Amino acid sequence: MSIDQPAYATRRFAIEGPPPASWRISLHGSELRWAIAFVVPYAAVLIVFAFYPLVYGLWMASDPGLYAHLFASDEYWESVTTTLLFVGIGVNINMFLALFLSGYFLRKRWWIKALLVISMVPWALPLQPAFTSFHWMLIFPGFIDNLSWKVFGVDSPDFFHHYWSALGANIAAYTWKTVPFWTIILLAGRMAIPQDLYEAAEIDGANGFERFIHVVVPLLANLFLVCTLLCTVWMLGDFNTADIVSSGAPDGTTDVLATLGVDYLFEQGRPALGVATVVSALPVLIPLGYLLVRRLRNREVEL
Amino acid sequence: MSIANMSRAAPRRRRFRWDRLVGELGLLAVGALLLIWWFLPIYNMFLIALDPDGRPEFSGYIWPPHPTLMAFEAVLFKGYWYLEDFWHQLGNSFYIGIATMLLTVFIGSLASFALSRMRLHRSWAISTSALVVYAIPQYFLVVPYYRLMHSYGLMDSLWSVIFADVTFAVPYALLILIWYSRLIPVELDDAARIDGASPLQVYWRIYMPLMAPALAAVGTYALLVAWNEYLYQFLLLSSHSNKTVAITIAEFFENDDSPWNFMVAAAIVYSLPPIAVFYALRRYMAAGLTRGGVKA
């Protein structure tokens, strides 16, 4: 048998010639043309619908006068502050809750597994109806006020009448929608940590907190950083929460850069100013994007 | 074991059980809080939809005293002028969702095949460009996109929204498909080529069947992106015949006189397809989510 195989292989070579070189080694002629043809639809979509609008947007916002106007405007600085608070507080709450819940869902109970399945409902629910419900739940008098009155005998705060409670409502709604997603990612990362490491730490006398600090934190750090960066970038670009949940209330103070940019475009008919509002966030977005791309590339695209 | 030893061991066991009981109660309490947190907005939607007037919050109820399915009937049988075109609009939403899903799977699978299986030269430039688009928030492109759709002649066309959704779904699809294709031995491609298969045949007969789970994940993801997306639909679609359910819900929302129970009933019906698809394909989705990260 071991002698027959090379003989058979030699006969095949004699009849058909040597097999084509592996794609891993070389790509020539018609195969190269096929490969290019396979990439063309993707490249076309990216160039026509992503990079061209990006360059067009930068060109639209290239007039320095737009930035002079923006920087002199109170509503712009108000939206910058709100965006920073929304992102700064929101990212920390999102990632802390996701880390906590990923530990919770590691517990081996049938009902916790069932909860994990249910936990994806907010993520799968379309964003607009969910955030609309949040808005109506929190308006005064709304469902939360009714509930507060029935259970505690006191009125709830008028959430959209005060800046901090309106901002808190936006962060709560965003957290409600996205924490299940981050939890699943971190849960997968924690499940990939070999059980032996926990057992070795336990034998060495480490308690639960010490195992978390010395085993989970170092091994989950990279994944946690990538998730934090992604969460920051997406919150920075979030339009829906401020538009639907608080609708900018009170008096447009909870508008973020995204809603202000769209407001300039449609309410005030100043598209260039709208793009400039967006572009003004690039000094923050570019370093974040660069770090993110590097991290994702280094990890061969795996989160 | 002596009686003395047993008496020493007994309190230790009892203390251990108390610890466990407290721990279990803690887990149950967290579970109960999570359930309340997740379902509060959903409960609120049903509270409004089941109320005959649709405004239970002003009457102080936390459950309507006379719940009725009237609002759902109005949605199903076009019982209100706002909802006359609900099924047509749902059809538009499906059209956008399914076209986005098919195009994302088609474009992503072709590109991932060329990059990961055929090892096209300088493929790093293309995969990096995917990462760059992945890191751009959707709203960043909305104003130039709006202007460009005018010049492309695609304003008020469902395809303008489809292209926007595909643009933001394809980079994720590419990352997932490239990752998943590394799990499939390249020797299968080589064997097919020795048998005389062209690249297109290898793609269609070897690559696509073996990639089915990953394709299901990215297809579901693209459908969810299209269903969740609201800003581009709101800005790019204006005519009556091209409206989607998301736009109608937004119009309801902006009109204070709207019967909110009808609107929320429409929103609940609109929410069912993505939830059904997600739970039908959640095994694939879970694998996809944990490998690439998704725009939530």
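**View 1. Chain B is a helical chain in a predicted model.** Chain B has 14 helices and 0 strands. This is a predicted model, so every value in these legends is computed from predicted coordinates. Read from the N terminus on, the elements of chain B run α-α-α-α-α-α-α-α-α-α-α-α-α-α. Of its 296 residues, 56% count as buried. Among contacts in chain B with a separation of 6 or more, 77% come from residues 24 or more positions apart. Chain B exposes about 12,900 Å², and carbon and sulfur atoms supply 65% of that area.

**View 2. Chain A, the partner, has 15 helices and 0 strands.** Here buried residues make up 51% of the 303 residues. Looking at contacts in chain A between residues at least 6 apart in sequence, you will find that 72% join residues at least 24 apart. The exposed area of chain A is about 14,300 Å², with 65% of it supplied by carbon and sulfur atoms.

**View 3. Chain B and chain A meet across an interface that buries about 10,000 Å² between them.** Carbon and sulfur atoms account for 77% of this buried area. On the chain B side, B:W38, B:Y139 and B:R193 lose the most area to chain A, together 8% of what that side buries. In terms of contacts, 109 residues of chain B touch 103 residues of chain A. The count of residue pairs in polar contact between the two chains is 12, with both residues at pLDDT 80 or more. Helix 1 (residues 3-49) of chain B gives the most to the side that touches chain A, with 18 residues. Sorted by type, the residues of that side divide into 82 nonpolar, 13 polar and 14 charged.

**View 4. A salt bridge links A:R109 with B:E24.** The closest N and O atoms of this pair are 2.4 Å apart. Between chain B and chain A the count is 1 salt bridge, while a search of the whole structure finds 4 over all chains. A:R109 lies in the loop between helix 4 (74-104) and helix 5 (110-118) of chain A and B:E24 sits in helix 1 of chain B, so the pair joins two chains. A:R109 is partly exposed, with a relative accessible area of 25%, and B:E24 is partly exposed as well, at 22%.

**View 5. Within chain B, B:R193 forms a salt bridge with B:D190.** Here the closest N and O atoms are 3.8 Å apart. Both residues belong to helix 8 (residues 187-194) of chain B; because they are 3 residues apart there, about one helical turn separates them. B:R193 is buried, with a relative accessible area of 6%, and B:D190 also counts as buried, at 14%.

**View 6. B:E251 and B:K243 form another salt bridge in chain B.** Their closest N and O atoms are 3.0 Å apart. In this pair, B:E251 is partly exposed, with a relative accessible area of 27%, whereas B:K243 is buried, at 13%.

**View 7. B:T100 is a buried residue in helix 4 (residues 86-117) of chain B.** B:T100 counts as buried because its relative accessibility is 0%, under the 20% cut-off. A polar atom of the B:T100 side chain lies 2.6 Å from the backbone oxygen of B:I96. Leaving aside neighbours within four places in sequence, B:T100 is in contact with B:I162, B:D165, B:V166, B:A222 and B:A226.

Definitions and conventions:
Residues numbered from 1 in each chain as written. Chains lettered and ligands numbered in written order. Predicted model: local features only at pLDDT ≥ 70, side-chain atom pairs only at ≥ 80, totals over all residues. Heavy atoms only, no water. Contact = heavy atoms within 4.5 Å. Buried area = accessible area lost by both parts, 1.4 Å probe. Salt bridge = Lys/Arg side-chain N within 4 Å of Asp/Glu carboxyl O. Polar contact = N/O pair within 3.5 Å; in protein donor to acceptor, adjacent residues only side chain to side chain. Helix = DSSP H or I, 4+ residues; strand = E, 2+ residues; numbered from the N terminus. Nonpolar A, V, L, I, M, F, W, Y, C, P; charged D, E, K, R; others polar. Buried < 20%, exposed > 50% of the residue type's maximum accessible area, 1.4 Å probe, protein only. Areas by Shrake-Rupley, 256 points an atom, 1.4 Å probe, with all protein chains shown as cover.
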